[in-house]
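Please look through the structure below with an eye to how its helices lie against one another.

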Amino acid sequence: MKPKFAVLGLLMIFACSSVCLYLLSSLLPANNGRYKLGFPSNLENLKSLVEVMKRYKEDHFYSVMIVFCAAYLYKQTFSIPGSVFMNLLAGALFGMPLSFVLACLLSASGATCCFLLSMVFGRSILMHYFKEKVVHLQTKLDENSDGLFFYLLCVRLFPMTPNWLLNMTFPILGVPMHLFFPSVFIGLMPYNFICCQTGCILSEISSVNDIMTTGTILKLTLVAMVVALPGYLMRRKKKVKKN
């Protein structure tokens with residue numbers, strides 16, 4: 001598929017999904033335009049949205065839950081920045097442990113939807129605009145083929161990983177879905193837990209930077225290195241056998 005046709009196909013799906021999400025949010029029971037809903041872009045927007053949704057949730061818990069899940073999947077499917085705000089919102093609205101379970105399921109499900117879209121439309125677009133990155137990832141996957149799951153898990157645990165690029169690139173590089181989904185689900189658990197836990201005390205933070213402190217980043221990096229160890233040992237063992 002040529003890049004322009006792939007982009008056109010994605011734009012059509014994006015437009016249809018946007019309309020569906022809008023209708024879903026605008027048709028909430030007893031809403032009648034009284035509450036302005038939207039994706040938060042900063043901490044102030046988020047706190048205002050939380051106050052609105054908390055009042056609404058008192059009488060329409062499941063409606064709020066459905067709209068939240070749809071919005072989360074929408075952002076993850078189309079790799080729209082701002083997942084941290086959705087996790088914070090989950091923590092503020094639903095508390096622990098429900099928000100943590102939701103964040104893990106939705107992040108993995110949304111990433112899988114992105115995976116499937118890329119499987120259909122992504123190859124021509126990625127090879128046209130991100131060829132060097134795709135080739136680099138292919139090399140890494142080949143190097144870690146013996147411990148592929150540990151590698152997939154490691155890159156998710158590492159706090160600076162561009163998850164959107166992995167979601168779009170892995171399907172065209174042959175990463176199987178039965179490894180992709182659990183690697184996202186498990187690999188993003190620490191990040192989701194930190195964000196949801198912070199969302200529970202949202203009123204006490206003054207900046208999103210309060211979430212991912214240097215200490216937190218170092219801890220997540222250490223966890224990623226520990227998870228990468230089995231894959232490294234497998235590669236060493238394979239090299240020893242060859243020699």
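**How one helix meets two others**

In this predicted model, helices α1 and α5 are oblique to each other, because their axes cross at roughly 135°, and an angle counts as roughly antiparallel over 145 degrees. Helix α5 covers residues 98-129, and its axis and that of α1 come within 9 Å. As α1 passes α5, the crossing is left-handed.

On the α1 side, this contact is made by Pro 3, Ala 6, Val 7, Gly 9, Leu 10 and Ile 13, while α5 contributes Leu 117, Phe 121, Ser 124, Ile 125 and His 128. Sorted by character, the residues of the contact between α1 and α5 comprise 8 nonpolar and 3 polar ones, with no charged residue.

Helix α1, which runs over residues 3-26, also packs with helix α3, residues 61-77, and here the angle is about 160° while the axes are 10 Å apart. That angle makes α1 roughly antiparallel to α3, because it lies over 145 degrees. The crossing in which α1 passes α3 is left-handed.

Which residues make the contact of α1 with α3? From α1 come Phe 14, Ser 17, Ser 18, Leu 21, Leu 24 and Ser 25, and from α3 come Ile 66, Val 67, Ala 70, Ala 71 and Tyr 74. The residues of this contact divide into 8 nonpolar and 3 polar, and none of them is charged.

Methods: Residues numbered from 1 in each chain as written. Predicted model: local features only at pLDDT ≥ 70, side-chain atom pairs only at ≥ 80, totals over all residues. Heavy atoms only, no water. Axes fitted to C-alpha atoms, helices over the stretch in contact; angles between N-to-C directions. Helix = DSSP H or I, 4+ residues; strand = E, 2+ residues; numbered from the N terminus. Parallel < 35°, antiparallel > 145°, perpendicular 65-115°, else oblique. Left-handed = near helix turned anticlockwise from the far one by under 90°. Contact = heavy atoms within 4.5 Å. Nonpolar A, V, L, I, M, F, W, Y, C, P; charged D, E, K, R; others polar.
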